[in-house]
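Student: I should like to go through this structure term by term. Please justify each label as we proceed.

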Amino acid sequence: MQCQFCKAQVPNGSTKCPQCGTLLPASPQINAGDFGASFSNATTIWKDNLGDLVLLTLVFCLVAWVPIANVGFIAGYTRSLMKVFRGQGKAAVGDIFNAWDCFGNLLVYLVLYLVAVVLLSFIPFLGTLAVLALYFVAAPGMLAVIDKRIGAVDAFKWSLATIQKDAVNWLLAILVGGILGSAGAIALGIGIIITIPWGQLLLISQYEARKGD
């Protein structure tokens, strides 16, 4: 992890920076199956870093419309939130443009997902339900690709396995995270830059609890 004040590298689990002596916040410990704890930790981290997260999300929204390149920006934005959640430093705008090492795997993952969505959309009624189910199953795998740089097929296999082990909490994280993320757009429009990171941190919180599956 990284000291958020002097930027020195600090061993994971440290409570004090050996370089500058600053007391460090403990990394959140999430127990698998405890959605309440996941939500609480995500909300606390979101509130404590709100200023940096709003700036990060504002820049992300400005560049996310760029075709193809936005895949890399999504990865960078997500990694920045993971860094904040893990207590490894503050969110920085530069993070958005610094995650190209997983670009290829993430692009393949998203293309395969979109192809499946298009094919399922041709099925009347049941196709819509299948698309929703596919998003539910595929969402965790996207985080795994970004975090672990694993291939698309392995990511989907892991995603399916972790969903099977903890379906209820993943469903809650995805649904509530989506509601939180879109709440700003519904209520205030530009408020989306405030609520998007909250929803994403909730997904990351669930991911941190199950990433060892």
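Tutor: The discussion below takes up aromatic pairs, exposure, a surface patch and a pocket.

Tutor: This is a predicted model, in which local features need pLDDT of at least 70 and side-chain atom pairs count only at pLDDT 80 or more, while totals for chains, interfaces and linings use all residues. Residues are numbered from 1 along each chain as its sequence is written, and side-chain values use heavy atoms, with hydrogens and water left out.

Student: How many aromatic pairs are there by the rule?

Tutor: Rings of Phe, Tyr and Trp (its six-membered ring) pair if their centres lie within 6.5 Å; planes under 30 degrees apart are stacked, over 60 edge-to-face, and the rest tilted. The count by this rule is 8 aromatic pairs.

Student: Why is the pair of F39 and W198 called tilted?

Tutor: The ring centres of F39 and W198 are 6.2 Å apart and their planes stand at 45 degrees, so the pair is tilted. F39 belongs to helix α1 (residues 35-48) and W198 to helix α8 (residues 192-210), so the pair ties together parts 159 residues apart in sequence. Helices here are DSSP runs (H or I, at least four residues), numbered from the N terminus.

Student: What makes the pair of F73 and W100 edge-to-face?

Tutor: For F73 and W100 the centres are 5.8 Å apart and the planes are at 70 degrees, so this pair is edge-to-face.

Student: Is F73 buried or exposed, and how do you know?

Tutor: Buried means under 20% relative accessible area, exposed over 50%, and partly exposed in between (1.4 Å probe, protein chains only). F73, at 9%, therefore counts as buried, whereas W100, at 41%, is partly exposed. W198 is buried at 18%, and F39 is partly exposed at 28%.

Student: What makes I123, F125, L126, L129 and L132 a patch?

Tutor: Patch residues have over 30% relative accessible area and no salt bridge, and nonpolar side chains (Val, Leu, Ile, Met, Phe, Trp, Tyr) are joined within 5 Å. These five residues form a nonpolar surface patch with about 540 Å² of accessible area together. Among them, L126 lies in helix α5 (residues 126-148) and, at 55% relative accessibility, counts as exposed.

Student: Which residues are closest to the centre of the largest pocket?

Tutor: The largest pocket holds about 580 Å³ of space. Of its 25 lining residues, I74, Y135, M142, Q200 and L203 are the closest to its centre. A pocket is an open set of points on a 1 Å grid where a 1.4 Å probe fits, with protein on both sides within 12 Å along at least five of seven lines; lining residues have an atom within 4 Å of a point. The largest share of the lining, 6 residues, comes from α5.

Key. Helices (H or I, at least four residues) and strands (E, at least two) are DSSP runs, numbered from the N terminus. Patches are made of residues with over 30% relative accessible area and no salt bridge: like charges are joined within 9 Å, nonpolar side chains (Val, Leu, Ile, Met, Phe, Trp, Tyr) within 5 Å. Accessible areas come from the Shrake-Rupley method with a 1.4 Å probe; for residues, only the protein chains shown count as cover. A salt bridge is a side-chain nitrogen of Lys or Arg within 4 Å of a carboxyl oxygen of Asp or Glu. Grid points are joined across faces, edges and corners, and a volume is the space filled by probe spheres set on the points.
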